[in-house]
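Biologist: I should be grateful for a close look at the sheet of this model and at the parts that surround it. Please set out the criteria behind each term as you proceed.

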Amino acid sequence: MSARNLARTVFRAASLRASAGLSRPAFAAIAQRSSAPAFSQTRGIKTMNFGGSEEIVYERSDMPLPKLQSYFKNDTMAVLGYGPQGRGQSLNMRDNGLNVVIGVRKDGRSWKHAIEDGWVPGKTLFSIEEAAQKGTYLMNLLSDAAQRDLWKILAPFITKGKTLYFSHGFAVTYNDQTGVVPPADVDVILCAPKGSGYTLRTLFLDGKGLNSSIAVSQDITGKAKEKAVAVGIAIGSGYLYETTFKKEVVSDLFGERGILMGAIAGLFRAQYDVLRANGHSPSEAFNETVEEATQSLYPLIGEKGMDWMYSNCSVTAQRGALDWQQKFYDATSPVYKELYESVVNGTEVKRALDKNSQPTYREDLEVELAEIDNSEIWRAGKTVRSLRPENVKK
């Protein structure tokens with residue numbers, strides 16, 4: 001694609017490059033930076049127009065730090081699970097001055113990672129059962145499969161007066177497969193960051209905030225939405241949009257398998273393979289397929305919009321993109337319809353739970369990931385990335 005005459009001088013990519021690939025020591029170092037940043041956001045709750053539809057947006061400025069701390073002054077936030085979301089959300093809440101405890105399997109991998117980040121056994125780090133006993137907010141951030149497998153252990157601790165929190169609508173929406181049915185006398189809320197826990201943490205430390213969705217499954221106290229907004233801000237969200245548990249999980253599973261990960265990986269492979277089959281070098285094929293997209297065009301789309309990018313590229317690139325986009329739409333639309341139905345009818349859920357529950361899952365996953373890592377396109381990518389100015393050793 002001949003689009004190199006884009007106005008790159010206006011390009012200002014968000015500083016997320018390191019967030020997806022932070023080593024654990026690096027992440028631990030980030031966690032020990034100064035506490036809650038000075039946020040610059042000034043707007044509050046607001047009704048906004050999204051392409052002709054009115055939606056309410058909740059924003060961080062509606063609950064400044066002193067108000068946030070006062071809201072949770074009598075609460076203990078029990079974060080169950082210390083994967084990417086558990087890690088990012090708990091560290092942000094800790095920096096915001098909230099009382100946070102972590103619940104994971106003692107002496108397991110997550111236990112050791114939590115200690116690296118400053119959580120103290122017997123003080124802020126406990127078994128899942130102990131943390132759940134202490135928490136007034138039970139933040140179920142275990143993996144989807146673990147939420148199913150450990151529900152019977154967790155359920156006795158979800159008592160009247162507590163609030164049950166999720167960051168994914170998976171377990172509750174597909175309870176016919178997970179068995180996760182919350183008791184009828186507690187508030188059940190959700191806040192789903194639109195990105196990884198690493199990104200949530202990095203943006204928080206940079207004084208920014210990741211967009212998140214909030215939802216209410218049960219409102220016993222009449223304050224469930226208020227709680228969802230407050231927790232969403234506490235974990236580091238910048239903006240909050242309303243949804244439902246079902247819409248959140250359907251859109252999330254659909255998006256992950258589609259344009260966010262599955263589809264884009266398939267498209268990268270297809271274009272790269274066609275270029276290589278026609279005699280183009282690995283470096284040229286990678287640059288034209290991945291490097292220019294991720295380093296120049298996609299950030300511009302995020303910053304300025306697709307129309308702006310089209311208006312500021314060469315007329316040859318502009319014409320070709322406009323002529324071919326409909327063909328790609330026509331080719332992929334049936335696949336997306338099939339995918340959406342697979343999510344809605346529970347097929348994807350069953351597949352995920354079955355696969356993730358296999359005793360050899362981690363070993364099998366390593367094989368699958370190694371296959372991707374060892375493919376020519378991503379081996380070429382490592383060399384291309386090493387040549388970026390920021391990665392060249394000085």
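Modeller: The account below begins with the sheet and then turns to a helix, a buried residue, the salt bridges and an annotated site.

The model is predicted, so local features need pLDDT of at least 70 and side-chain atom pairs count only at pLDDT 80 or more, whereas totals for chains, interfaces and linings use all residues. Residues are numbered from 1 along each chain as its sequence is written, and side-chain values use heavy atoms, with hydrogens and water left out.

The sheet is open and has 10 strands, in the order 1-2-10-9-8-7-6-3-4-5, with mixed pairing. Strands (E, at least two residues) and helices (H or I, at least four residues) are DSSP runs numbered from the N terminus, and two strands count as paired if DSSP finds at least two bridges between them. In general, strands of a sheet pair through backbone hydrogen bonds, either parallel or antiparallel. The edges are held by strand 1 (46–50) and strand 5 (125–126); each has a single partner strand, so one side of each is left without a neighbour in the sheet. Strand 1 runs antiparallel to strand 2 (residues 53–59), and 5 bridges join them. Within this pair, Thr 47 stands opposite Ile 56 of strand 2.

Helix 11 (residues 224–234) lies across several strands, among them strand 2, strand 3 (77–80), strand 8 (187–193) and strand 10 (237–242). Its direction makes an angle of about 35 degrees with strand 8; axes are lines fitted to C-alpha atoms, for helices over the stretch in contact, and angles run from 0 to 180 degrees between N-to-C directions. Contact here means heavy atoms within 4.5 Å.

Helix 11 is also joined to strand 10 through side chains: Lys 225 and Glu 242 meet in a salt bridge (3.2 Å, N to O). This pair links distant parts of the chain, with Glu 242 in strand 10 and Lys 225 in helix 11, 17 residues apart. A salt bridge is a side-chain nitrogen of Lys or Arg within 4 Å of a carboxyl oxygen of Asp or Glu. Glu 242 is partly exposed at 35% relative accessible area, and Lys 225 is partly exposed at 37%; buried means under 20%, exposed over 50%, and partly exposed in between (1.4 Å probe, protein chains only).

Gln 89, in helix 3 (residues 84–95), is buried, with a relative accessible area of 0%. Leaving aside neighbours within four places in sequence, Gln 89 is in contact with Met 139, Leu 141, Tyr 165, Ser 167, Pro 193, Leu 200 and Ile 235.

The structure holds 14 salt bridges. One of them joins Arg 276 to Glu 376, whose closest N and O atoms are 2.5 Å apart. Arg 276 lies in helix 13 (residues 262–277) and Glu 376 in helix 19 (residues 376–386), so the pair ties together parts that are 100 residues apart in sequence. Arg 276 is partly exposed at 28%, and Glu 376 is partly exposed at 29%. Elsewhere, Glu 256, Arg 257, Glu 348 and Arg 351 are linked in a network of salt bridges.

Finally, an unreviewed UniProt entry carries the annotation "binding site" for Asp 252, Glu 288 and Glu 292. UniProt positions are given in the numbering used here, feature names are shortened, and annotations may be inferred rather than shown by experiment. Glu 288 is found in helix 14 (residues 282–304), and Glu 292 is found in helix 14. Glu 292 is buried, with a relative accessible area of 8%.
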